[in-house]
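Here is a short walk through one protein model. Please keep the sequence and the 3D view side by side as you read.

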Amino acid sequence: MKVTIFGTGYVGLVTGACLAEMGNHVLCVDVDADKVARLDRGEIPIYEPGLEPMVRRNHAAGRLMFGTDAAAGVAHGQAVFIAVGTPPDEDGSADLRYVLAVAKTIGRHLSGYTVVVNKSTVPVGTADRVRAAIADELATRGVDAAFDVVSNPEFLKEGDAVDDCMRPDRIVIGSSSERAVHLLKTLYAPFNRNHERIVLMDERSAELTKYAANAMLATKISFMNEVANIAERVGADVELVRQGIGADPRIGYHFIYPGAGYGGSCFPKDVQALERTARAHGYEARLLGAVEAVNADQKRKLFELIARHFGGAVEGKTVALWGLAFKPNTDDMREASSRRLMETLWEAGASVHAFDPEARAETRRLYGERAGLVLCDDPYAALEGADVLAVVTEWKIFRSPDFARIRELLRTPALFDGRNLYDPEAVEQAGIAYYGIGRGRSIAARAD
Ligand SMILES: NC(=O)c1ccc[n+]([C@@H]2O[C@H](COP(=O)([O-])OP(=O)(O)OC[C@H]3O[C@@H](n4cnc5c(N)ncnc54)[C@H](O)[C@@H]3O)[C@@H](O)[C@H]2O)c1
């Protein structure tokens, strides 16, 4: 099938590569000419495991093309995907400007029957707005071209995006058009062989499904952070509590890790956007507001522990920071907890020596060369001249560190474990003060 994808970000590029891998002819269109030129040279602008060889292979085979020409994009695809960003607006609701710009572009160039597939995460009712924008442009041109708009939200996870796309848990298709559904079922058939993954529904339900999924996941995290904060105060260890509740199959072990708050390009903005959608429809989504508020506090947690450790005197201190990306296996720093920590440390007059396996270039792009930030090529190099260590992202490389070396290199050995990666006793036995999230037992022991 001939497919066009508008937007070559995490979703668009991965979707394009996976569809090309299945033999489709995919044209990816982006307004960022520099990004398109890099992709054409075989350079992948993001770090996503497994993506580079897949893009190169399909590009070389002529099944995956990149361009900036929107007219050529609309002419190419029987299915035209919209996979552009939907960042938060000033008031937290989803900014649809990029989605609607693509809709207008499609309307300006559409000729034959086309299925317009919205993959961006968009508020309920956006399919109608996309349809209206295309229809307006067609009316202006005096052209009567047939098209359908389908809501097909994306559930891939950064860091695992290629695998998620090749083996999706579910494929949600929101449409009332049999013709459009047939085309999408054909396109997705190779991803749907093992068992039925397609969940058919109306467009509005599909749009809400995406927000509900992300809001549920964010809720699980904030819930566990809430429990962690209680555990800390009552002298319990949230890691034991986590295992104790995860054993109940109705709860399960997935996604109940306490930590330094959730970040990324999706959870923060999607929880906010769903809350704003509810409000716009006269409903106060109190739970969502609480999920956000708990997370905002949680992102301050490591700083508070560090400040408490130094009796409030953080100025002039140097904090080694392991992990900058918002989660492992990505270089995405959008809303990353590390950013909040670094920025708060800088405000308090402290410096940061940071290491991340993949996100150093992105950190440099975001913050430039600035006082108080040294980016290191090795985790242990970040410890040289640092007072304490904070671990913010749970990259595998941080899981079994050389504690003796950490103790030797830090000026005042203390470890702030923002993802509860370590056994507090083992760390303390190595001569390093340990601070975790919701690990009241070790804090209580130290206070004794
Ligand atoms: N990143 C994720 O893990 C993820 C997962 C599921 C859903 N989503 C949703 O998918 C959408 C895209 O997210 P992303 O992370 O891939 O975004 P991104 O910011 O990585 O990429 C968006 C791309 O769209 C391009 N673009 C903007 N306007 C354009 C236009 N008019 N024509 C062509 N290209 C244009 C930008 O240049 C950019 O390359 C968002 O709505 C997001 O919420 C993201």
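The paragraphs below take up two helix pairs, a pocket and one arginine. The model is predicted.

Start with helix H1, residues 10–21. Its partner here is helix H3, which spans residues 51–60. Two packed helices are described by the angle between their axes and the distance between the axes. For H1 and H3 the angle is about 55°, and the axes lie 9 Å apart. That angle makes H1 oblique to H3, because angles that are not under 35 degrees, over 145 or from 65 to 115 count as oblique. The two helices cross in a left-handed sense. On the H1 side, the contact uses Leu 13, Val 14, Ala 17, Cys 18, Ala 20 and Glu 21. H3 answers with Leu 51, Met 54, Val 55, Arg 57 and Asn 58. Sorted by class, this contact holds 8 nonpolar, 1 polar and 2 charged residues.

H1 also takes part in a pocket. The second largest pocket has a volume of about 260 Å³. Its lining counts 20 residues. Closest to the centre are Glu 154, Asp 164, Cys 165, Pro 168 and Arg 170. Three elements each give two or more residues to the lining: H1, helix H7 (161–166) and strand S7 (171–174). Which of them gives the largest share? H1 does, with 3 residues. By class, the lining of this pocket has 11 nonpolar, 2 polar and 7 charged residues.

Now move along the chain to helix H8, residues 178–188. Arg 179 is found in this helix. Leaving aside residues up to four places away in sequence, Arg 179 touches Tyr 113 and Asp 148. Compare its position with Asn 24: the two are 155 residues apart in sequence and 19 Å apart in space, C-alpha to C-alpha.

The second helix pair is H11, residues 267–280, and H12, residues 286–298. They pack at an angle of about 150°, with 9 Å between their axes. H11 is therefore roughly antiparallel to H12, since the cut-off for that label is an angle over 145 degrees. The crossing of H11 past H12 is left-handed. From H11, the contact residues are Val 271, Gln 272, Leu 274, Glu 275 and Arg 276. They meet Leu 288, Gly 289, Val 291 and Glu 292 in H12. By class, this contact has 4 nonpolar, 2 polar and 3 charged residues.

Note on methods: Residues are numbered from 1 along each chain as its sequence is written. This is a predicted model: local features need pLDDT of at least 70, side-chain atom pairs count only at pLDDT 80 or more; totals for chains, interfaces and linings use all residues. Side-chain values use heavy atoms; hydrogens and water are left out. Axes are lines fitted to C-alpha atoms, for helices over the stretch in contact, and angles run from 0 to 180 degrees between N-to-C directions. Helices (H or I, at least four residues) and strands (E, at least two) are DSSP runs, numbered from the N terminus. A crossing is left-handed if the near helix is turned anticlockwise from the far one by less than a right angle, and right-handed if clockwise. Contact means heavy atoms within 4.5 Å. Ala, Val, Leu, Ile, Met, Phe, Trp, Tyr, Cys and Pro count as nonpolar, Asp, Glu, Lys and Arg as charged, and the others, Gly among them, as polar. On a 1 Å grid over the protein atoms alone, a cavity is a set of points where a 1.4 Å probe fits but cannot get out, and a pocket is an open set with protein on both sides within 12 Å along at least five of seven lines; lining residues have an atom within 4 Å of a point. Grid points are joined across faces, edges and corners, and a volume is the space filled by probe spheres set on the points.
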